[in-house]
Amino acid sequence: MEAVCGAGKTELVMETIRDRLTKGQRVGVTVARRQVALQLVHRFREAFRDVQIGVACEGHREALNGALIVCTTHQLYRYPQAFDLLVLDEPDAFPFHGDPVLQGFARLAVRGQTIYLTATPDRGLRQRIAKGSVAHLSLDQRPHKKPLPVPRVVLFPGGWMGLACFIWLKQRQRQALVFVPSVDRGRLLERWLRIPLVHAGHPQLDQRIRAFSAHHDQALLTTTVLERGVTFKGIDVLVLWADHPVYTRTVLVQIAGRVGRDVSDPGGEVMFLCGTLSDGVKDCVSDLRQANHRAWSVSVH
């Protein structure tokens, strides 16, 4: 299933999961990152109160023989031929994308069917769709039916990004996520702007994410660790050095998808600051405009 960021991909497969569990089948839901796995476990336990739900990810091993298992892709090695249905969330995400070992774990874990959920299918998945080996469903609209936020792109000298970020933040009334392409650049801005930074190896990653979610911090610097799989209400997003090679089309689409997700507050701004118009920046803007056009075309017909 190809659905835009914020379309509610998990909710869309809830009834399918419920149907399989009711039939006594075993279901796995696998994601790229531990934080997402823990969020999903909480949501599933609220939705399926009579089902034993297990979780397998770094630092958490609970009910590993449950009828519904939520795990990171690394943990799929525990479940050979275990699942009648495997929901594979964001197969284009690191570390699953391009890792033949993790992809092998996923294939071996399934004795039935696999559902792929993503807003940004990679070339391999698109080729399988084109050949007809994978059925394809698409959704170009969020539940609130507002257009996806299209980034405002501003060309700006790289050496002045910190000043531009400072000015942009001063103009915000919403909370803001500021994306940086590397930990080193993030640490420089953290010291200069006195804003907390998170990255994949940060020892207080979970605590800082919770603090931002609880509105304890007005702004948060982040690497691509928060490009997908997290939802914050009422935020704006700024991407610094948006033409950096780490920011591919897929990454930028996911980052832009952090904004405007809340039904009660679907607004928000996405800004890309870059020295040049990279292919990633241009393709991201084009993809989001096309998705909005498709959604509009459907709504008027």
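Here is a short conversation about the sheets and pockets of this model.

Biologist: Happy to look at this with you; what kind of model is it, and which pLDDT do side-chain atom pairs need?

Modeller: It is a predicted model, in which local features need pLDDT of at least 70, totals for chains, interfaces and linings use all residues, and side-chain atom pairs count only at pLDDT 80 or more. Residues are numbered from 1 along each chain as its sequence is written, and side-chain values use heavy atoms, with hydrogens and water left out.

Biologist: Thanks! Which strands are the edges of the open sheet with mixed pairing?

Modeller: Strands are DSSP runs of E with at least two residues, helices are runs of H or I with at least four, and both are numbered from the N terminus. Two strands pair if DSSP finds at least two bridges between them. The six strands of this sheet follow the order β4-β3-β5-β2-β6-β7. Pairing on one side only marks the edge strands, β4 (60-62) and β7 (110-117).

Biologist: Which residue of β7 is the bridge partner of Leu86?

Modeller: Strand β6 (residues 83-89) runs parallel to β7, and six bridges join the pair. Within this pairing, Val87 stands opposite Ile115. For Leu86, the bridge partner in β7 is Thr114.

Biologist: Is the unit made by β6, α4 and β7 right-handed or left-handed?

Modeller: Helix α4 (residues 100-109) lies across β6 and β7, at about 125° to β7; such angles run from 0 to 180 degrees between N-to-C directions, with axes fitted to C-alpha atoms, for helices over the stretch in contact. A crossover is called right-handed if, with the strands pointing away from the viewer, the path from the first strand over the helix to the second runs clockwise. The β-α-β unit here is right-handed.

Biologist: Lovely. In the open sheet with parallel pairing, what angle does α6 make with β10?

Modeller: This sheet has the order β9-β14-β13-β10-β12-β11. Strands β10 (residues 175-179) and β13 (residues 235-239) pair over five bridges, with Val239 as the partner of Phe179. Helix α6 (residues 161-170) touches β10, β12 (219-222), β13 and β14 (270-274), contact meaning heavy atoms within 4.5 Å, and its angle with β10 is about 165°.

Biologist: Now the largest pocket: which helix supplies the largest share of its lining?

Modeller: A pocket is an open set of points on a 1 Å grid over the protein atoms alone, where a 1.4 Å probe fits and protein lies on both sides within 12 Å along at least five of seven lines; lining residues have an atom within 4 Å of a point. The lining has 24 residues, with Thr10, Glu11, Arg43, Thr231 and Arg261 nearest the centre. Both α1 (9-12) and α3 (34-47) supply at least two lining residues. The largest share, four residues, comes from α3.

Biologist: And how many residues line the second largest pocket?

Modeller: Among those nearest its centre are Arg33, Arg34 and Glu58. The lining of the second largest pocket numbers 19 residues.
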